[in-house]
Protein chains: 2
Amino acid sequence: MSNFEALFEYIQEISGKLLSESDKQLLMLHFKPRKLRKRQFFLQEGDVCKYIGFIVKGSARTFTVDEKGHENTLKLAMENWWLADFESFYLLTPTRFNIEALENLEVLQSTNAQIEEHLKHIPAFATMANVINQNYTIANQKRMQAAMSYTAEERYEDLMRNYPQFVKRFPQNMIASYLGLSRETLSRIRKNSFK
Amino acid sequence: MSNFEALFEYIQEISGKLLSESDKQLLMLHFKPRKLRKRQFFLQEGDVCKYIGFIVKGSARTFTVDEKGHENTLKLAMENWWLADFESFYLLTPTRFNIEALENLEVLQSTNAQIEEHLKHIPAFATMANVINQNYTIANQKRMQAAMSYTAEERYEDLMRNYPQFVKRFPQNMIASYLGLSRETLSRIRKNSFK
DNA sequence: TTAATAACGTGACTTAAATCACTACCCTGA
DNA sequence: TCAGGGTAGTGATTTAAGTCACGTTATTAA
């Protein structure tokens, strides 16, 4: 029950619109609570990403594994973030990504078809989707630029400035992987920046 | 006149919906043709990106200049692509990017307020916007992964596979900059891959 | 409570790519 | 038509970051 409050509040805040009682009923009908324990997978490489999840509690990461066994963390996510490989979710193709709980995780999940329903019938939900798309586009652009033109140190400083919660909450090897660095390099950067 | 045909066709193809005559009238009212010669700027660092442009003919690139004078090319664009710094366009903040014509360029441009009108009143346009957002999200995700986990050579191969038009149409130094490489490195990669 | 495992720190060495320097070949416009 | 800026190729050198190896400190789970 109270799980849904977080989702309702989020939709209303992002969209700037109120949800009616029937909106809420519809959302509760189509979003299903799901719990994962730390290290369990929300999505595994090769599967189709049938569900998008709204994080009520906990955190997760999206990563790939290359042929040498290296893990690359593309996304970190926590409360009030959405969890999905959008390519697989939209196109229903097998995913190249893994999504793993970093802490015990509570999500509300829904299928693509159900999301389409919400977009059609719940104005606040549709507005929210547009705002999120804008925010994602902006964030992607920034991250792309950072990845391309910043040094390792600048990328770390950038992360500390824009997402200090990440640095506090996640282990350094995750942060390193998210920044596209080896854990050793991040360790050395941190040593230098503390002087 | 015939400029608009390209836009109409594009909207109809992407959305899968037909435009009515009044839809077309509205689009022609709010999109303004603009021509730029090679090397002219569609957008300059520090300005607000007031317009979004649909490329009818020609090509352009979005790039930043860092404090050492290095240019980083974030986007390359050609016919049927949109031209804007979305962060600046949505939020009306000064941009950190430059958008420069790589060839003589013809665009149809429109303001944020006018786009909002189209989204509200032209169903095909609204559908198109959603499809584009999906595509952008997917493309961004792929590019981010490539930037993070691929070597220089793999990134070039990836580009040749996914965007062979780029490699044919743009000078190598642009391609190198787009891939986040020095032009010398790209030159050497090309030499090796031809053996 | 204590093994076991994961996370972190640090030195030595390697490597991919950048930088610097120079040459050659274009286009293109006065 | 030829001078000069833009573009590309290539060798020599440098450098940022990765890799390897090993020790230490936290966490976790039985």
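Ala, Val, Leu, Ile, Met, Phe, Trp, Tyr, Cys and Pro count as nonpolar, Asp, Glu, Lys and Arg as charged, and the others, Gly among them, as polar. With these classes in mind, the surfaces of this predicted model can be described one after another, beginning with the one that faces the DNA.

**The surface near DNA strand C**

DNA strand C is surrounded by 14 residues, and the closest of them are Gln172(A), Ser187(A), Thr151(B), Ala152(B) and Thr185(B). By class, the surface near DNA strand C has three nonpolar, six polar and five charged residues. Four helices each give at least two residues to this surface, namely helix H8 (172–179) and helix H9 (183–193) of chain A, together with helix H6 (152–162) and helix H9 (183–193) of chain B. Among the contributors to the surface near DNA strand C, H9(A) has the largest share, with four residues.

**How the two protein chains are related**

Chain B is superposed on chain A by a rotation of 180° with 0.0 Å of shift along the axis, and the RMSD is 0.0 Å. This is the relation of a two-fold axis. The two copies use the same surface for their contact, since 100% of the contact residues of chain B recur in chain A.

In the contact between the chains, 21 residues come from chain B and 21 residues from chain A. On the side of chain B that touches chain A, strand E5 (71–77), helix H3 (86–91) and helix H5 (123–149) of chain B each supply at least two residues, and the largest share, 13 residues, belongs to H5(B). That side of chain B is made up of eight nonpolar, 10 polar and three charged residues.

**Two domains within chain A**

Chain A itself is divided into domain 1, which covers 3–135, and domain 2, which covers 150–195. The centres of these two domains of chain A, taken over C-alpha atoms, are separated by 26 Å. Where the domains meet, domain 1 of chain A gives nine residues to the contact and domain 2 of chain A gives seven residues. On the side of domain 1 that touches domain 2, the elements of chain A that give two or more residues are strand E4 (60–65) and strand E5 (71–77), and E5(A) provides the largest share, four residues.

**The three surfaces by class**

The table sets out the classes for each surface described above.

| Surface | Nonpolar | Polar | Charged |
|---|---|---|---|
| Near DNA strand C | three residues | six residues | five residues |
| Side of chain B that touches chain A | eight residues | 10 residues | three residues |
| Side of domain 1 of chain A that touches domain 2 of chain A | four residues | three residues | two residues |

Notes. Residues are numbered from 1 along each chain as its sequence is written. Chains are lettered from A and ligands numbered from 1 in the order in which they are written. This is a predicted model: local features need pLDDT of at least 70, side-chain atom pairs count only at pLDDT 80 or more; totals for chains, interfaces and linings use all residues. Domain bounds come from an automatic or database domain assignment. A residue is near a molecule or strand if its C-beta atom, placed from the backbone, lies within 6 Å of it. Copies are superposed by least squares on the C-alpha atoms of residues with pLDDT of at least 70 in both.
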